[in-house]
Amino acid sequence: MTEDSTTPRVANRRLFLRGALSAGVAGVATGAAAGAGIAAALDGSARPAAAAVDDAVPFHGAHQAGIATPSQRNVAVVSFDVLAADRGELTDLMRALTDRARFLTSGGTPPDPGISAPPTDSGILGPSLPSDRLSVTVGVGASLFDDRYGLASRKPAGLTSMQTFPNDHLDPAQCHGDVSLQLCAENPDTVLHALRDIARHTRGAMQIRWQIDGFKSPPRPSGTPRNLMGFKDGTSNLHGDDTKTMDQLVWTGGEAGWAAGGSYQVIRKIRMLVEFWDRVSISEQENMFGRRRDSGAPLDGNDEHDTPNFAVDPVGTAIPLTSHIRRANPRTPDTQDSRILRRPYNYNLGIDSVGNVDCGLVFICYQRDVAKQFEAVQKRLADEPLVDYIQPVGGGYFLVLPGVRDTNDHFARALLA
Amino acid sequence: MAASAPIRAAGWALLAVACAGLVSCTGKSSSPDDPVAIQVNTGTCGPKWSAHGGERTLQIKNAGTVTTEVDLIAPDTGGVYAEVEALAPNTTRSMRLTLGRGTYALRCYAEDTDGVTGPVVTVSDGPVHGAAAVKPVDNQTLLASVKDYRTRVTAGLGQLATDVDTLRQALRGGDLATSRAAWLTAHLGYERLGAAYDTFDDFADKIDGMPDGLPGGAHDPDFTGLRRIEYGLWHGEPLGSLATVADQLATDVAGLIKAFPQQQVDPNDLPLRAHEIMENALQFELTGEADQGSHTGMATIDANLTGTQMVLDTITPVMKTRYADWDKVALWMSRTRTAVDSTRRPDGTWTPVSALDRAQREQLDGDIGQLLETLAPVAAIGDVRRTS
């Protein structure tokens with residue numbers, strides 16, 4: 001995969017502009033910062049625009065940020081249950097989420113309330129907020145479409161509750177939810193600041209059901225970041241700037257009605273039993289993944305980005321048939337459509353009751369169709385040898401809402417209209 | 001990239017249109033605005049200054065020799081837009097606010113000196129409405145509220161003394177169920193008084209203190225009062241030994257009743273209590289932390305709501321004209337009350353906080369959390385300020 005900070009940002013900005021132009025949306029302007037980035041892109045200049053733009057991830061657009069956006073270093077994934085008393089209050093909640101996300105992602109100085117209230121901002125990022133590449137990605141779960149808000153008839157057919165897979169160890173307290181927030185930024189204080197701000201503005205309307213924080217490791221020493229089993233995780237991934245593939249496999253289309261331009265989000269909190277794993281021989285570890293631990297190369301190759309050639313190895317001499325990469329992506333014509341965009345992070349929660357480190361993977365993926373993509377992959381992975389060393393303990397399925405187009409738009413406007 | 005030239009033109013045109021009409025282009029407040037620098041001096045509260053409307057930073061420097069409070073006021077009403085408290089000589093601090101069209105003035109309160117209003121400044125451009133001014137609360141404003149509060153607490157303390165006597169008799173009578181019921185009545189009576197932090201001085205700990213911070217915990221000789229009796233009643237202690245604790249409790253309540261008329265009630269305390277009582281309820285009761293065995297935390301929260309309402313009633317005349325969202329306080333008090341009431345069982349007992357299901361828990365967390373957010377400005381607005 002190429003989801004690292006070296007992915008050219010200019011390319012993304014250009015796509016962003018193109019989308020805005022074709023949609024005829026005046027709200028392309030997300031502040032002077034974005035303007036500068038657009039200017040750089042239009043210059044055709046190859047130099048990164050980063051130095052000129054305060055690293056803001058544009059908030060407005062046909063799609064929400066935080067999916068095609070190159071992964072930031074830190075994440076908080078937070079699931080909420082909605083308490084809003086009626087549909088009007090649910091709309092207020094969506095407006096509040098929009099306002100906070102728009103403000104937080106663009107950065108700037110919070111208003112001074114004078115003597116009328118305590119400070120409007122927690123201050124943990126200083127008197128003026130850096131954007132820090134913050135993205136706020138809002139999704140809705142199937143449970144929001146029950147009888148509370150009269151939305152049952154508007155539930156997209158593809159939005160279901162996360163099922164329990166054969167190797168799962170799910171804790172109900174860490175599963176599902178009405179609303180998901182994926183908060184990503186380069187620094188963990190920015191992520192926490194955003195969560196505190198959003199929670200402060202929405203306390204009576206929604207409450208946190210579960211939360212998991214994650215971090216993305218830097219390349220060690222190069223290439224795709226590693227998971228906490230020591231293996232590079234996400235080498236073969238979709239590319240956020242490949243719009244054709246994104247449209248094919250990630251963004252929902254016209255079939256989704258009001259939800260067109262969204263994406264189905266699967267979150268899985270996967271505990272890794274790392275002490276047990278560390279007591280396993282290197283060849284057994286590598287056979288379970290199908291890659292070398294040191295380089296990330298497939299077992300039939302030399303470099304991380306060598307393409308494994310399963311076709312010439314039908315009985316799994318080089319790469320076992322049961323290996324993770326072979327089950328997950330057999331690279332056959334009929335499995336091409338089950339590919340997903342992964343945006344994984346590592347997590348560490350401290351020590352469990354037997355003295356082991358409670359750590360693992362915040363698996364996040366995006367796709368156009370959960371049944372045909374994530375669930376198809378998951379079924380192929382059932383009972384893979386790796387399952388003895390990992391335990392999915394929580395998560396949920398959500399539908400990431402279409403993007404907020406401009407300053408007059410808000411999250412879920414088409415849904416609640 | 002030759003083909004991109006027309007796109008470039010179109011792109012800039014779009015930007016120009018968007019920036020003309022959208023607050024976010026300039027209102028994205030990192031946009032550079034030159035601070036308005038004003039030096040204030042004892043006696044004049046600054047020279048004439050000027051500013052354009054919009055989001056502005058006023059940099060106030062104390063060029064005098066005395067620490068001074070500086071307010072930005074509406075000269076016609078005395079309402080305060082922003083303040084810099086305790087500006088020491090030779091220091092500079094900022095006020096950041098949105099200046100709407102209208103008149104403004106700085107007002108300086110140097111220590112031990114009457115307030116002085118600076119030149120009146122007219123802002124004639126920018127948004128029609130800027131930040132709202134709040135009429136300040138001074139040490140006279142809350143006098144009636146304090147008097148009202150004292151009357152209500154005095155009545156409550158009288159009832160508490162009666163309830164504690166009933167508890168003593170029940171403990172001496174030796175019946176556990178009767179004693180527990182009498183304890184709950186007395187405890188809730190105290191909780192309805194809205195004690196928080198330093199209300200009632202040392203009597204608060206004597207009457208309702210927790211074992212936290214005592215080396216011996218629940219068995220520390222200094223752990224006394226209602227919570228100590230609760231611990232004993234739900235941990236199988238002999239009722240006779242608890243009667244001795246109750247005797248001490250009666251002595252302490254009598255001591256408070258005697259002392260209360262002389263205790264100072266800082267007018268600041270009432271607006272602070274407005275949110276502090278429920279802050280404590282959230283922190284100690286809804287978490288179960290305060291529970292010494294009775295599992296009556298929800299009943300305590302119910303009593304705390306009553307205590308909060310008592311405080312709100314006393315300050316309503318002051319707040320309803322100063323706090324724009326005052327009506328939301330009643331809304332969230334009501335919603336919180338409904339959520340709390342829903343944890344009461346048909347037989348009148350309360351669900352232990354540890355037995356709340358997820359939906360109940362989230363509803364309570366959400367309603368109390370929103371109530372607290374709504375009450376927080378009350379303390380800021382009610383902070384006693386100089387006006388003369």
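Which residue takes a positive phi in the hairpin of E3(B) and E4(B)? The tour comes back to that hairpin after a look at the whole. The model is predicted.

**Stop 1: the two chains**

Colour by chain and start with chain A. Its 417 residues are 58% buried, and its secondary structure consists of 10 helices and 9 strands. About 16,100 Å² of chain A is exposed, with 53% of that area supplied by carbon and sulfur atoms. Taking contacts in chain A between residues at least 6 apart in sequence, 76% join residues at least 24 apart.

Now switch to chain B. This chain has 11 helices and 8 strands, and 49% of its 388 residues are buried. Chain B exposes about 17,500 Å², of which carbon and sulfur atoms supply 54%. For contacts in chain B with a separation of 6 or more, the share between residues 24 or more positions apart is 69%.

**Stop 2: strand E3 of chain B**

Select residues 68-73 of chain B, which form strand E3. Of its 6 residues, 6 are buried. In a regular strand, side chains alternate between the two faces of the sheet. Here Thr68(B), Val70(B) and Leu72(B) lie on one side, Glu69(B), Asp71(B) and Ile73(B) on the other, and both faces are covered.

Add E4(B), which pairs with E3(B) in the antiparallel sense over 5 bridges. Look for Asp71(B) and its bridge partner in E4(B), Glu83(B). Between the strands of this hairpin are 6 residues, and Gly78(B) is the residue that takes a positive phi, near 80°.

Next add E6(B). E3(B) pairs with E6(B) over 6 bridges, in the antiparallel sense. The bridge partner of Glu69(B) in E6(B) is Tyr109(B).

**Stop 3: ring pairs**

Show the aromatic side chains. Over all chains, a search of the whole structure finds 15 aromatic pairs. For one of them, select Phe374(A) and Tyr397(A): the ring centres are 6.2 Å apart and the planes stand at 80°, so the pair is edge-to-face. Phe374(A) belongs to helix H9 (residues 374-381) of chain A and Tyr397(A) to strand E9 (residues 390-400) of chain A, so the pair ties together parts 23 residues apart in sequence. Phe374(A) is buried at 2% relative accessibility, and Tyr397(A) is buried with a relative accessible area of 4%.

Then select Tyr81(B) and Tyr104(B). Their ring centres are 4.8 Å apart and their planes are at 40°, so this pair is tilted. Tyr81(B) is in strand E4 (residues 80-87) of chain B and Tyr104(B) in strand E6 (residues 102-110) of chain B, so to speak of the pair is to speak of a link between distant parts of the chain, 23 residues apart. Tyr81(B) counts as buried at 13% relative accessibility; Tyr104(B) is buried too, with a relative accessible area of 3%.

Go back to chain A for a cluster. Ring pairs link Phe231(A), Phe276(A), Trp277(A), Phe289(A) and Tyr389(A).

**Stop 4: an open sheet in chain B**

Select strands E1, E2 and E5 of chain B. They form an open sheet of 3 strands in the order E1-E2-E5, with mixed pairing. Strand E1 (36-40) and strand E5 (92-99) stand at the edges with a single partner strand each, so one side of each has no neighbour in the sheet. From one strand to the next, the twist averages 25°. Strand E2 (residues 54-62) pairs with E5(B) in the antiparallel sense over 8 bridges. On E5(B), pick out Ser94(B), the bridge partner of Gln59(B).

**Stop 5: helix H8 of chain B**

Select residues 269-285 of chain B. This is helix H8, with a kink of about 30° centred on His275(B). Of its 17 residues, 12 are buried, among them Leu270(B), His275(B), Ile277(B), Met278(B) and Glu285(B). The buried residues of H8(B) pack against helix H3 (143-173), helix H6 (226-233), helix H9 (297-319) and helix H11 (358-381) of chain B.

**Stop 6: Val353 of chain B**

Where is Val353(B)? Val353(B) lies in the loop between helix H10 (326-341) and H11 of chain B. Its relative accessibility is 11%, so Val353(B) counts as buried. Outside its neighbours within four places in sequence, Val353(B) is in contact with residues including Glu285(B), Met298(B) and Arg361(B). Finish by showing Thr287(B): the C-alpha atoms of Val353(B) and Thr287(B) are 7.2 Å apart, with their positions 66 residues apart in sequence.

Definitions and conventions: Residues numbered from 1 in each chain as written. Chains lettered and ligands numbered in written order. Predicted model: local features only at pLDDT ≥ 70, side-chain atom pairs only at ≥ 80, totals over all residues. Heavy atoms only, no water. Helix = DSSP H or I, 4+ residues; strand = E, 2+ residues; numbered from the N terminus. Buried < 20%, exposed > 50% of the residue type's maximum accessible area, 1.4 Å probe, protein only. Contact = heavy atoms within 4.5 Å. Areas by Shrake-Rupley, 256 points an atom, 1.4 Å probe, with all protein chains shown as cover. Bend = angle between axes of the 7 residues up to and from the residue. Pairing = 2+ DSSP bridges. Axes fitted to C-alpha atoms, helices over the stretch in contact; angles between N-to-C directions. Phe/Tyr/Trp six-rings, centres within 6.5 Å; stacked < 30°, edge-to-face > 60°.
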